[in-house]
Amino acid sequence: MRVDHIGIAVKNLDEAVKFYRDILGLELVKIEEVPEERVRVAMFRAGGTYVELLQGTDPDSAITKFVERRGEGIHHISIHVEDVDAKTEELKARGVALVYDKPREVAHGERKINFIHPRSAFGVLIEIMTRRGEY
Ligand code: CO
């Protein structure tokens, strides 16, 4: 297991990209829309891990709601696991609260994800995920 990325919720992706790329100096890998999650995402390489900026694309997006309630900031920590299906079942069996009953495929099947609810993880939303390729 390793930290795959840290997810940061922002109001305006383009403005945030200017800071993380042009001022902080992180390498922007890509900007993409993930319709399943109702977000636009910018991924930056940061050594062996990534920083993911997320902007909600509609009012019902979890990211839009998060920013309204809590303001911009760290939204989740993503941990890469060998098999997200097996990890989901294992955690469920141990009484851990998960956001999805079964992991969801996103980005055309490139990634499969689930989330551990913050109430089971000491206040942190933890994404567990498996991805096939690089970002
Ligand atoms: Co993420």
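This tour moves through a predicted model, starting with the sheet, passing to a helix and an aromatic pair, and ending at a pocket.

**The whole sheet**

Begin by colouring the strands, of which 8 form an open sheet with mixed pairing, in the order E2-E3-E4-E1-E5-E8-E7-E6. Look next at the two edges, where strand E2 (27-34) and E6 each have a single partner strand, so that one side of each is left without a neighbour in the sheet. If you turn the view to look along the sheet, the twist to look for averages 30 degrees from one strand to the next.

**From the E2 edge inward**

Select E2 together with E3, which run antiparallel and are joined by 7 bridges. Within this pair, pick Glu33 and then Arg40, its bridge partner in E3. The hairpin that links the two strands has 4 residues between them, and in it Arg38 takes a positive phi near 55 degrees.

Add E4 to the selection, since E3 and E4 also pair in the antiparallel sense, here over 8 bridges. Ala42 is the residue to pick for this pairing, and it stands opposite Leu53 in E4. The hairpin of E3 and E4 has 2 residues between the strands, and Gly47 is the residue there with a positive phi, near 65 degrees.

**Around strand E1**

Which sense does the pairing of E1 and E4 have? Show the two strands with their directions, and the pairing is seen to be parallel, over 5 bridges. On the side of E5, by contrast, E1 pairs in the antiparallel sense over 7 bridges. A useful residue to centre on is Ile6, whose bridge partner in E4 is Val51 and which stands opposite Ile77 in E5. As you step along any of these strands with side chains displayed, recall that in a regular strand the side chains alternate between the two faces of the sheet.

**On toward the other edge**

Move along to E7 and E8, which pair in the antiparallel sense over 6 bridges. Here Asn114 can be selected with Ile128, its bridge partner in E8.

**The helix across the sheet**

Now display helix H1 (residues 13-23), which lies across strand E1 (2-9), E2, E3 and E4 and runs at about 5 degrees to E3. The structure holds 4 aromatic pairs, and one of them is formed by Tyr20 and Phe44, with a tilted arrangement of 6.0 Å centre to centre and 45 degrees between the planes. Because Tyr20 lies in helix H1 and Phe44 in strand E3, this pair ties together parts that are 24 residues apart in sequence.

**The largest pocket**

Finish by drawing a surface, bearing in mind that rolling a probe the size of a water molecule over the atoms shows where empty space is left. The largest pocket holds about 720 Å³ of space. To find its centre, select Ala62, Ile63, His75, Phe115 and Leu125, which lie nearest to it among the 35 lining residues. The elements that give two or more residues to this lining are strand E3 (39-46), strand E4 (49-56), helix H2 (62-70), strand E5 (73-80), strand E6 (104-106), strand E7 (111-116) and strand E8 (126-131). Which of these elements gives the largest share of the lining? Selecting H2 shows the answer, for 6 residues of the lining come from this helix. Colouring the lining by residue class then gives 18 nonpolar, 6 polar and 11 charged residues.

Note on methods. Residues are numbered from 1 along each chain as its sequence is written. This is a predicted model: local features need pLDDT of at least 70, side-chain atom pairs count only at pLDDT 80 or more; totals for chains, interfaces and linings use all residues. Side-chain values use heavy atoms; hydrogens and water are left out. On a 1 Å grid over the protein atoms alone, a cavity is a set of points where a 1.4 Å probe fits but cannot get out, and a pocket is an open set with protein on both sides within 12 Å along at least five of seven lines; lining residues have an atom within 4 Å of a point. Grid points are joined across faces, edges and corners, and a volume is the space filled by probe spheres set on the points. Ala, Val, Leu, Ile, Met, Phe, Trp, Tyr, Cys and Pro count as nonpolar, Asp, Glu, Lys and Arg as charged, and the others, Gly among them, as polar. Two strands pair if DSSP finds at least two bridges between them. Axes are lines fitted to C-alpha atoms, for helices over the stretch in contact, and angles run from 0 to 180 degrees between N-to-C directions. Contact means heavy atoms within 4.5 Å. Rings of Phe, Tyr and Trp (its six-membered ring) pair if their centres lie within 6.5 Å; planes under 30 degrees apart count as stacked, over 60 as edge-to-face and the rest as tilted.
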